[in-house]
Amino acid sequence: MYKLPDLPYDYDALEPVISKKIMELHHGKHHAAYVNNVNKALAGTAFEDKPIEEVLKNLPGLPENIRMAVQNNGGGHANHTLFWQIMRAPRENNQPSNAVMNKLKSSFGGFQEFKDKINQTGMTRFGSGWSWLVKKADGNLSIYSTANQDSPIMDGHTPILGVDVWEHAYYLDYLNDRAAYLSAWWQVVNWDEVEKMLR
Ligand code: MN3
């Protein structure tokens, strides 16, 4: 049985970038539903006590009648768990350490280029999904988007930073302006947490 993780901050901590109302719904309703539904799907199977990463890596090994439910809800659980962890109260001119800067520069040409690519990848995701920075098995960094609640873990990649571009993540604050949400979101990135995962 998975448990809804507590947020590492209060519901209003990300204001004004992300409102308390969005956080209450997003964590307390959306994420909670993913947890409940993946628990239901896995109940009574050999997978119910396995770490979610292990389950997502082995989706083809799951019984077919629960595979899609686990992909959607297990993916949702893993994706949101990371998302909460890599945010914190907003900072102006929010930047990573020099070590992270250098990594992003060598992989993507620069910090601004990196942010632009994450934003563009999120903007061009039609419908619901995520924009990701991932580490591949060979250690190389890559940026791409996934649909719905698909997780990079399903492809054997390690998600390092991900931004939720489902409308539930921004609509109450930004209406249909996904670009404004993505642009503001960089103020709440917890670069200390991102750096830990980059090592
Ligand atoms: Mn979400």
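## Overall architecture

Of the 199 residues in the protein, 50% are buried. The model is predicted. About 9700 Å² of surface is exposed by the protein, and 48% of that area is supplied by carbon and sulfur atoms.

The protein contains eight helices and three strands. Starting at the N terminus, the order of elements is α-α-α-α-α-β-β-β-α-α-α. The radius of gyration is 17 Å, close to the 16 Å given by the globule rule for 199 residues, so the protein is as compact as a globular protein of that length. The C-alpha trace spans about 50 × 40 × 30 Å along its principal axes. When contacts between residues at least 6 apart in sequence are considered, 67% of them join residues at least 24 apart.

## Packing of α4 against α8

Helix α4, residues 98–108, packs with helix α8, residues 191–198, at an angle of about 65°. The axes of α4 and α8 are 10 Å apart, and their crossing is left-handed. On the α4 side the contact is made by A99, V100, K103 and L104; on the α8 side it is made by W191, E195 and L198. By class, the residues of this contact comprise five nonpolar and two charged, with no polar residue.

## E193 in helix α8

Helix α8 also holds E193. Is E193 buried or exposed? Its relative accessibility is 17%, and the cut-off for a buried residue is under 20%, so E193 counts as buried. Leaving aside residues up to four places away in sequence, E193 touches Q85 and I86. Q85 belongs to helix α3, which covers residues 64–85.

In sequence, E193 is 191 residues from Y2. In space, the C-alpha atoms of E193 and Y2 are 22 Å apart.

## N73 in helix α3

N73 is placed in helix α3. With a relative accessible area of 13%, N73 is buried. Which residues does N73 touch, not counting those up to four places away in sequence? They are A33, Y34, N37 and V38. Helix α1 is the run 20–42, and these four partners of N73 have numbers inside that run.

V35 is 38 residues from N73 along the chain, and the C-alpha atoms of N73 and V35 are separated by 6.7 Å.

## Backbone exceptions

Most residues other than glycine have a negative phi, and most peptide bonds are trans. Three places in the model depart from these patterns, as set out below.

The peptide bond from E15 to P16 is cis, and its omega is near 5°. P16 lies in the segment that precedes α1.

N93 is not a glycine, yet its phi is positive, at about 50°. The location of N93 is the loop between α3 and α4. With a relative accessibility of 68%, N93 counts as exposed. L175 likewise has a positive phi, near 50°, in a residue other than glycine. Where is L175 found? It is in the loop between α6, residues 171–174, and α7, residues 178–185. The relative accessibility of L175 is 53%, and exposed means over 50%, so L175 counts as exposed.

Methods
Residues are numbered from 1 along each chain as its sequence is written. This is a predicted model: local features need pLDDT of at least 70, side-chain atom pairs count only at pLDDT 80 or more; totals for chains, interfaces and linings use all residues. Side-chain values use heavy atoms; hydrogens and water are left out. Axes are lines fitted to C-alpha atoms, for helices over the stretch in contact, and angles run from 0 to 180 degrees between N-to-C directions. Helices (H or I, at least four residues) and strands (E, at least two) are DSSP runs, numbered from the N terminus. A crossing is left-handed if the near helix is turned anticlockwise from the far one by less than a right angle, and right-handed if clockwise. Contact means heavy atoms within 4.5 Å. Ala, Val, Leu, Ile, Met, Phe, Trp, Tyr, Cys and Pro count as nonpolar, Asp, Glu, Lys and Arg as charged, and the others, Gly among them, as polar. The radius of gyration is taken over C-alpha atoms; the globule rule is 2.2 Å times the number of residues to the power 0.38. Buried means under 20% relative accessible area, exposed over 50%, partly exposed in between (1.4 Å probe, protein chains only). Accessible areas come from the Shrake-Rupley method with a 1.4 Å probe; for residues, only the protein chains shown count as cover.
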